[in-house]
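Please open the structure in your viewer and keep the selection panel at hand. The tour moves from one selection to the next and says at each stop what is to be found there.

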Amino acid sequence: MVHKLALIGFGTVGQGFVEILLRRGADIARRHGIEFVVVAISDAVKGSIYCPHGLDLADVMTAMEETGTLHHYPDGPLVIRGWDSLQTIRESNAQTILEATVTNVRDGEPGLTHCREALSRGKNVVTTNKGPIALAYDELSQLADRQQCRLLFEGTVMSGTPVLRLVNTALVGNHIRSIRGILNGTSNFILSQMEVGLTFDEALQEAQRRGYAEADPTADVDGWDAQLKTLILARTLLGASIDRTAIPCKGIRTISPRDIMAAKQRETRFKLIARIDATSHGIRASVGPEEVALTDPLAGIAGAVNAITFDGDLAGSVTVVGAGAGRVETGYALLVDCINLVRGTI
Ligand code: HSE
């Protein structure tokens, strides 16, 4: 079965996805009977190309390697250039829109408009963009239901590490009593590097160089990125009707090398911890640095790695540790959602 995709936003995540398809596309077709065809890529900076029969992904990546843009993608009789994101969503023949623009913590734009536009036209949306899901999940999921299409967003929390799908499939039937985790790789990387002697600024620069950090790294170090992920977990897994203002949030800027060394002597370690508790008074959530004992499983999570513990009333405590960022890992999250979407599974 052929399934046509359009990529909106062609940064690290979109390129990671295309690289995976180049490598794994034939294998997915053979094993799962699904041939993913990318018909359009539209990026506000890198350019825009559309071909109704599908783009040549090797040519796409060659153009990117040579010029960092899509402008040198070869011409062809059916190739159209220059469509903006909304025109691509409206006029391309893609069945599914992969929304991979940069997260905007303030109003979710332009991703939110992209998601609304696609869903209102009956096109599925798969996204790694936290803004639209954190800020407008109810609206978007209701729109998807009305339009009989799907909205999938596994990559918004812990990239390709299964978290949302884990709770909705393997842990289904549990009442999740609490969630506790390290949800921001950049801040965890910085804290780990500070423990071995780097300054905050040196560690942040290294995280940016490795592509972990958000376009605006204040979202990482001030806790907003973890706050958005906490909101996504609370809303989509626990059905909490809360917004960002209900999640107190503090980042890691105030933790000095001296604090880190003092914690070491106390046999503890600073971690940026996201918490969600289902209480008799409703859902309580917060993000902030905590000193955790070395015996705590979260203390052992070093570098850009994320971890999350779900406490289910039937399954007990289940912890997942894995990547929370990265080109391939987040591109993979798009692939997982695409495969489940075409299969009709959760
Ligand atoms: N910047 C994020 C992090 C990755 O460092 O965890 C994407 O959510």
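What follows is a walk through a predicted model, taken sheet by sheet and then through its pockets and loops.

**First stop: the seven-stranded sheet**

Begin by selecting the strands of the open sheet whose order is β4-β3-β2-β1-β5-β6-β7, a sheet of seven strands in which the pairing is mixed. At its edges stand β4 (80–81) and β7 (151–152), each of which has a single partner strand, so one side of each is left without a neighbour in the sheet.

Now narrow the selection to β1 and β5 (residues 96–99), which pair in the parallel sense over four bridges; within this pair, Leu 7 can be found opposite Leu 98 of β5. Add helix α4 (residues 111–120), which packs on the sheet and touches β1, β5, β6 (124–127) and β7, with a direction at about 175° to that of β5. Then add helix α12 (residues 327–343), which also packs on this sheet. The strands that α12 touches are β1, β2, β5, β6 and β7, and its direction makes about 155° with that of β6.

**Second stop: the loop after β1 and the largest pocket**

From β1 (2–8), follow the chain into the loop that leads to α1, where Gly 11 is placed. In an unreviewed entry, UniProt places the feature "binding site" at Gly 9, Phe 10, Gly 11, Thr 12, Val 13 and Gly 14. Of these residues, Gly 9, Phe 10, Gly 11, Thr 12 and Val 13 are included in the lining of the largest pocket.

How many residues line that pocket, and which of them lie nearest its centre? The lining comprises 42 residues, and those nearest the centre are Val 13, Ala 100, Thr 101, Val 102 and Thr 103. The volume of this pocket is about 810 Å³. To display the elements that give two or more residues to its lining, select α1 (12–32), β2 (35–43), α7 (185–195) and α10 (224–238). Coloured by class, the lining of the largest pocket divides into 14 nonpolar, 21 polar and seven charged residues.

**Third stop: the annotated domain and its five-stranded sheet**

Next select residues 162–339, the range that UniProt lists, in an unreviewed entry, for "domain: Homoserine dehydrogenase catalytic". Over this range the chain is 38% helix and 26% strand, and the C-alpha atoms at its two ends are 14 Å apart.

Then select the five strands that form an open sheet in the order β10-β9-β8-β11-β12, with antiparallel pairing. The edge strands here are β10 (282–293) and β12 (316–323), each of which pairs on one side only, and from one strand to the next the twist averages 15°.

Zoom in on β8 (residues 176–182) and β11 (residues 305–312), which are paired in the antiparallel sense over six bridges, and look for Gly 181, which stands opposite Ile 308 in β11. Ile 308 also stands opposite Val 320 in β12, so that residue can be kept selected while the view moves across to β12. β11 and β12 run antiparallel and are joined by eight bridges; together they form a hairpin, with three residues between the strands.**Fourth stop: helix α11 and the cavity**

Return to the five-stranded sheet and add helix α11 (residues 257–265), which packs on the sheet. Helix α11 touches β9 (268–279) and β10, and its direction makes about 85° with that of β9.

Where should one look for the lining of the largest cavity? Select Glu 195, Ile 260, Ala 263, Lys 264, Thr 268, Arg 269 and Phe 270, which line this cavity; the elements giving two or more residues to the lining are α11 and β9. The structure holds one cavity of 30 Å³ or more, and the volume of the largest cavity is about 40 Å³. By class, its lining has three nonpolar residues, one polar residue and three charged residues.

**Last stop: Asp 222**

Finally, select Asp 222, which is placed in the loop between α9 (218–221) and α10. With its neighbours within four places in sequence left aside, Asp 222 is in contact with Cys 249, Lys 250, Gly 251 and Arg 253. For a distance to display, take Asp 222 and Ala 246, which are 24 residues apart in sequence and 16 Å apart in space, C-alpha to C-alpha.

Definitions and conventions:
Residues numbered from 1 in each chain as written. Predicted model: local features only at pLDDT ≥ 70, side-chain atom pairs only at ≥ 80, totals over all residues. Heavy atoms only, no water. Pairing = 2+ DSSP bridges. Axes fitted to C-alpha atoms, helices over the stretch in contact; angles between N-to-C directions. Contact = heavy atoms within 4.5 Å. UniProt positions renumbered as here; feature names shortened; annotations may be inferred. 1 Å grid on protein atoms, 1.4 Å probe; cavity = no way out; pocket = protein on both sides within 12 Å on 5 of 7 lines; lining within 4 Å. Points joined across faces, edges and corners; volume = space filled by probe spheres on them. Nonpolar A, V, L, I, M, F, W, Y, C, P; charged D, E, K, R; others polar.
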